[in-house]
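Let's take a walk through this model together. Keep the sequence and the 3D view side by side as we go.

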Amino acid sequence: MFWKLRIFLASLAFVSAFSAAHAQDRLVTWALQARLTQDKLYDGEMDGLSGPATRAAIEIYANNNGIQPSRSAVVEHIMYRSLTSDRRSPTEQELLAARDAARYIMRDAEAAQFRDEWAFDAPGGVLICGQVNGKNVYGAYVGFRAYSLTLSVLSIPGNSDPTLIPLGEPNMDNAGVFCSLGTSIGLAIISRSNSHN
């Protein structure tokens, strides 16, 4: 009986690991679809699945940029392109909005430390990326972790400064993917958020 339970738990752990890897893969594909849409190479649904339209757009992108027509080569090229050309320094207003949102989920908001923050513009919003360090339950700092947050830009009549509204909570789990794909993921989040309103 005990060995059946161990087999069941082992299979459950395998399924959980597979599910997490599958979710990460879909997230990367979803961001890739967003970037290919931005480059006017993909006009299909952003569903995170590598269907025929996604594969065709990947091949066109690869041919246009003189790289191997594989998903991994295209993702690597887009990541390099995003990190070298799309990013900029965030404005003071963007930093305040992103840091306030990040502090909101921290155990000790006043002790939060930030570094390496930058921004990617997307239509109707901005993706903020950086690193945050916070304290644990014992009062010790746990080390810097990547975070990302998409801010939607709202124009309020009579107010000369645009208002920045966080779309959800700061992402700590997939921030590396979000930030390395830059504008693509910010664009995808903003368009998906607007389609649900």
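How many salt bridges does the count come to? The model here is a predicted one, and the count comes to four salt bridges. The general idea is simple: side chains of opposite charge can pair when their charged atoms come close. Let's look at some of these pairs, and at the helix that hosts part of the action.

Start with helix α4, which covers residues 92-104. Its 13 residues should span 18 Å at 1.5 Å a residue, and the end C-alpha atoms are 18 Å apart, so expectation and model agree. Now pick out the buried positions of α4: Glu 94, Leu 95, Ala 97, Ala 98, Ala 101 and Ala 102. Looking down the axis of α4, you'll find these buried residues within an arc of 165°, so they line one face of the helix. Turn to the face that points away from that buried side and you'll meet the exposed residues Glu 92 and Tyr 104.

One name on the buried list may catch your eye, and that's Glu 94. Its relative accessible area is 9%, and because buried means under 20%, Glu 94 makes the cut. Glu 94 also has a charged partner: it forms a salt bridge with Arg 88, with the closest N and O atoms 2.8 Å apart. Arg 88 itself counts as partly exposed, at 25% relative accessibility. This salt bridge, then, joins a buried Glu 94 to a partly exposed Arg 88.

Stay on α4 for another pair. Arg 103 and Asp 100 both sit in this helix, three residues apart, which is about one turn of the helix. They form a salt bridge whose closest N and O atoms are 3.8 Å apart. Here both partners are partly exposed: Arg 103 has a relative accessible area of 25%, while Asp 100 comes in at 48%.

Moving along the chain, the side chains of Arg 115 and Asp 116 meet in a salt bridge too, at 3.7 Å from N to O. Arg 115 is partly exposed at 39% relative accessibility, and Asp 116 is partly exposed as well, with 46%.

For a change of scene, jump to strand β4, residues 145-154, where you'll find Leu 149. Is Leu 149 buried or exposed? At 1% relative accessibility, it counts as buried. Then trace back to Cys 129: Leu 149 and Cys 129 are 20 residues apart in sequence, and their C-alpha atoms are 6.7 Å apart in space.

Terms used. Residues are numbered from 1 along each chain as its sequence is written. This is a predicted model: local features need pLDDT of at least 70, side-chain atom pairs count only at pLDDT 80 or more; totals for chains, interfaces and linings use all residues. Side-chain values use heavy atoms; hydrogens and water are left out. Helices (H or I, at least four residues) and strands (E, at least two) are DSSP runs, numbered from the N terminus. Buried means under 20% relative accessible area, exposed over 50%, partly exposed in between (1.4 Å probe, protein chains only). The expected span of a helix is 1.5 Å times one less than its number of residues. The arc is that of the directions from the helix axis to the C-beta atoms.
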